[in-house]
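Here are some short exercises on aromatic rings and on the surroundings of a ligand. Try each task yourself before you read its solution.

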Amino acid sequence: MRWYECAVRAASSGERRSRAPSNPYCFNRRSDRTYSRLTFPAADSIDESSVTGIPSVGVLFTVVYKADARTGPCLPLRPWWRVTSLSHLGRSQAQSPNASVPTSNVPPLVAIVTMAELDALDVIVLAVILLGTVAYLTKGKYWGVKKDPYTTPLPGSAAAKAGRTRNIVEKLEESGKNCIIFYGSQTGTAEDYASRLAKEGKSRFGLETMVADLEDYDYDNLDAVPSDKIVMFVLATYGEGEPTDNAVEFYEFITSENPDFSSGETEKPLKNLHYVAFGLGNNTYEHYNAMVRNVDKALQRLGASRIGEAGEGDDGAGTMEEDFLAWKEPMWEAVAKKMGLQEREAIYEPIFGIVERDDLTRDSPEVYLGEPNKMHLDGEPKGPFNAHNPYTAPIQKSYELFNSKDRNCLHMEIDISGSNLTYQTGDHIAIWPTNAGQEVDRFLNIFDLADKRHTVISVKPLEPTAKVPFPTPTTYDAIVRYHMEICAPVSRQFVATLAAFAPDDESRAELTKLGNDKDYFHSKVTTQYLNIARLLEIVSKGKKWSNVPFSALIEGITKLQPRYYSISSSSLEHPKLVSITAVVESQALPGREDPFKGVATNYLLALKEKQNGDASPSPYGLTYEITGPRNKYDGIHVPVHIRHSNFKLPSDPTRPIIMIGPGTGVAPFRGFIRERKKLAENGQTVGKSILFFGCRRSTEDFMYQKEWEEVKQVLGDKFELVTAFSREGSKKVYVQHRLKERSKEINALLDQKAFFYVCGDAANMAREVNATLAQILADERGISKSKAEEIVKQMRASNQYQEDVW
Ligand SMILES: Cc1cc2nc3c(=O)[nH]c(=O)nc-3n(C[C@H](O)[C@H](O)[C@H](O)COP(=O)(O)OP(=O)(O)OC[C@H]3O[C@@H](n4cnc5c(N)ncnc54)[C@H](O)[C@@H]3O)c2cc1C
Ligand SMILES: NC(=O)c1ccc[n+]([C@@H]2O[C@H](COP(=O)([O-])OP(=O)(O)OC[C@H]3O[C@@H](n4cnc5c(N)ncnc54)[C@H](OP(=O)(O)O)[C@@H]3O)[C@@H](O)[C@H]2O)c1
Ligand SMILES: Cc1cc2nc3c(=O)[nH]c(=O)nc-3n(C[C@H](O)[C@H](O)[C@H](O)COP(=O)(O)O)c2cc1C
């Protein structure tokens, strides 16, 4: 059988200037460059079930039929295609797939259909779409645009930046900078590295540096950046080798075939551009550091000159920080040589000015006590709720899933009915955590801030391009509790910076040694999972580090990040109730007295205990400010936002699905299965659903055991649970072993175009499952291993194989 491919492109790239949101639900995020491929057999009549890759959400797209070199001419518009695409178009026009994104920002659908045999209906459809496009493009000019609540300037929000220029060259000129460091970051690491490069460039080499969020600028005048300036890129990779949300537009632009630069030149338009590149990735993902690799390639193709090597940091090997440190030394040498810079003794220069406000107290209404933005401070926050503006959601119900003395796994149901948030089965929810009281106290104490923890301060940037990462005026306590990642791994570079502020010579010598000796640092700090306050306590034997400027702490410690959880409920069954399934992070470490405790999950555990009757919960000795700033979280609330994902059930419910989800990897599959149960109860025919679930023991961590039995009552032989209890026999039994035992059936289901899903541990399990599936195909189809691996790759490319791994 011959196969055709067609490409689907998100509408945002064409409308770059109109600032369409770089929305995470655009399904092209899973794509090869800007395209998401749909594959379908080359037959005259096509039924939907034979098509793979149709997204079930995020249907804001331009449809481009593209001739595929291998398959010959494009497929003409088929009656089937018309129907399918219309149903998608209709759905997204009728309602935004994500009500948390202002609908006024959602671009309308644009369909460019080439090679199509148009009939009257096609023409009508295209005319409607065209009208929609015109309406969108004239939005705000000829018809009203609802005021976006984000026009209130919020720190870090898009609107806070709205008045600023998007022109890089203008920005460099007006701020007198000669080095701009762009970051593409999802959870803050790349952003942190960009800030560190900026700081170091200034203090060691006198470079006039600025840090920039990639989504804040246009790129079409990268060709006009003068050759005596330098542009740095620090880029994390996500999903299947994709950009972070804030880097989508940049990535689409720079990797497009002919990016449209200001000079109009097409031959080496970036010949004047000097750049530096570092990527953040994880080798356990298939597309390791794809962002930096692809951007580097694209920049070179466009004639830009890279200074030094393109660096790559590996989270998978746990060497990110060391990779970064090892890369940046020769990079600085090369930059200094190229730009004729003289290295000087690094002197700490604060970026932020801290003013203690005697005129305000913590009870003053304008003082932030942990509220994330002005709307939260002023009263009832309104949507859109998103990564800059969480919804304070009530937790409706929470309970323990394990039956174990020392491990906890939480099921929590979060009510989003009071918001305009929506979700679809398979999406993620972000929880905004609060630091544990003991760690807040430890931090304030070691930096000698405990006595003035409630003193009100204003934090002001001392130079025009610096951004204060939280709203002020606020208090030391609120910053440390709600805004700083105070428990995170410590950066060796930061440790070296702090040596200058040591309380005595001995501590200075020890900190300098830790900063300079990577093996020593590893043995003393990394293996013990020390956070900064714990480390300094040990180094100075409890003496306070009173000389450390608070600005250095703001600069050196990342923003407290929301944690993502795979939603374990079905939006069909509970459109306004989102459940999560979260294992509580607690690790005993040899040589350390108390176990390491994760930030968000232990906070959730305390919330669960409070909800279930404990007036002042202190799970494992940890306490939290559970009622939140000004008691706004009272009644068991937690700040959340939703992130849409591509991890989705097939649009055709009769398709079989194979799900591999050991441990908490089962989370989204609970949602999938409950969705199919609901469909069946509504009278729909559903395809076979087979779930491979693994845990340690049937008596200890067999999550949702009862629920599976109830599902079985409804779905009968359309649902099968296959278990792998790893610690019940003499040999480990894992999900992939069970999968292998079912080779024949798996192959037969794949022949019926079953979708294959994997969720959970990225480092080992997901890889091993991938390899097992290839082995099954090779054995069952009598083909070579490499051919089987190729088929698995194809399945991934067409979304028939989907992963939600972390
Ligand atoms: C897309 C996605 C979906 C997810 N879905 C789920 C889900 O459904 N269920 C679920 O349980 N989890 C899920 N997770 C994981 C979840 O987001 C959190 O990472 C997890 O709950 C731990 O959070 P925490 O704040 O409790 O731990 P953290 O405090 O963030 O610690 C997490 C890890 O970071 C490292 N670390 C932290 N501090 C230090 C230190 N000082 N020194 C050395 N190492 C350190 C350790 O390895 C530690 O185990 C998902 C993650 C992603 C990205
Ligand atoms: N980076 C890693 O190496 C790694 C590994 C596991 C989990 N995690 C992470 O730890 C967190 C908590 O995990 P969890 O509580 O959900 O799961 P878990 O309880 O640690 O594991 C669930 C089941 O998976 C088994 N398992 C271990 N290694 C496996 C492998 N290579 N292939 C298939 N199954 C395997 C476990 O067996 P045994 O424990 O008996 O071996 C257990 O039976 C998650 O965030 C997860 O991503 C990370
Ligand atoms: C859900 C998820 C998907 C990821 N996908 C990839 C990937 O495809 N390739 C890769 O090299 N790294 C991948 N990574 C690793 C991240 O790039 C890495 O952790 C990086 O440090 C994150 O940087 P940030 O904190 O700036 O967002 C992924 C990480 C997560 C959590």
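The exercises below go from ring pairs to charges over rings and then to ligand 2.

Before you start: this is a predicted model, in which local features need pLDDT of at least 70, side-chain atom pairs count only at pLDDT 80 or more, and totals for chains, interfaces and linings use all residues. Residues are numbered from 1 along each chain as its sequence is written, chains are lettered from A and ligands numbered from 1 in the order in which they are written, and side-chain values use heavy atoms, with hydrogens and water left out.

**Exercise 1. Find how many aromatic pairs the whole structure holds, and describe the pair of F385 and Y391**.

Step 1: Rings of Phe, Tyr and Trp (its six-membered ring) pair if their centres lie within 6.5 Å; planes under 30 degrees apart count as stacked, over 60 as edge-to-face and the rest as tilted. A search of the whole structure gives 31 aromatic pairs.

Step 2: For F385 and Y391, the centres are 5.1 Å apart and the planes make 55°, a tilted pair.

Step 3: Both F385 and Y391 are buried (under 20% relative accessible area; exposed is over 50%, partly exposed in between; 1.4 Å probe, protein chains only).

**Exercise 2. Work out which helices the pair of Y476 and F550 links**.

Step 1: Y476 and F550 are edge-to-face, with 4.9 Å centre to centre and 90° between the planes.

Step 2: Y476 belongs to helix α10 (residues 476–483) and F550 to helix α15 (residues 550–556), so the pair links distant parts of the chain, 74 residues apart (helices are DSSP runs of H or I, at least four residues; strands are runs of E, at least two; both are numbered from the N terminus).

Step 3: Y476 has a relative accessible area of 3%, so Y476 is buried. At 8%, F550 is buried too.

**Exercise 3. Find the ring that lies under the charged end of R643**.

Solution: The ring is that of Y564, with the charged end 3.7 Å from its centre (NZ of Lys or CZ of Arg within 6 Å of the ring centre and within 35 degrees of the ring normal).

**Exercise 4. Describe the side-chain contacts of S726, Q736 and W806 with ligand 2**.

Step 1: An N or O atom in the S726 side chain is 2.7 Å from an oxygen atom of ligand 2.

Step 2: Q736 places a polar side-chain atom 3.0 Å from a nitrogen atom of ligand 2.

Step 3: In the side chain of W806, an N or O atom is 2.7 Å from an oxygen atom of ligand 2.

Definitions and conventions:
Polar contact = N/O pair within 3.5 Å; in protein donor to acceptor, adjacent residues only side chain to side chain.
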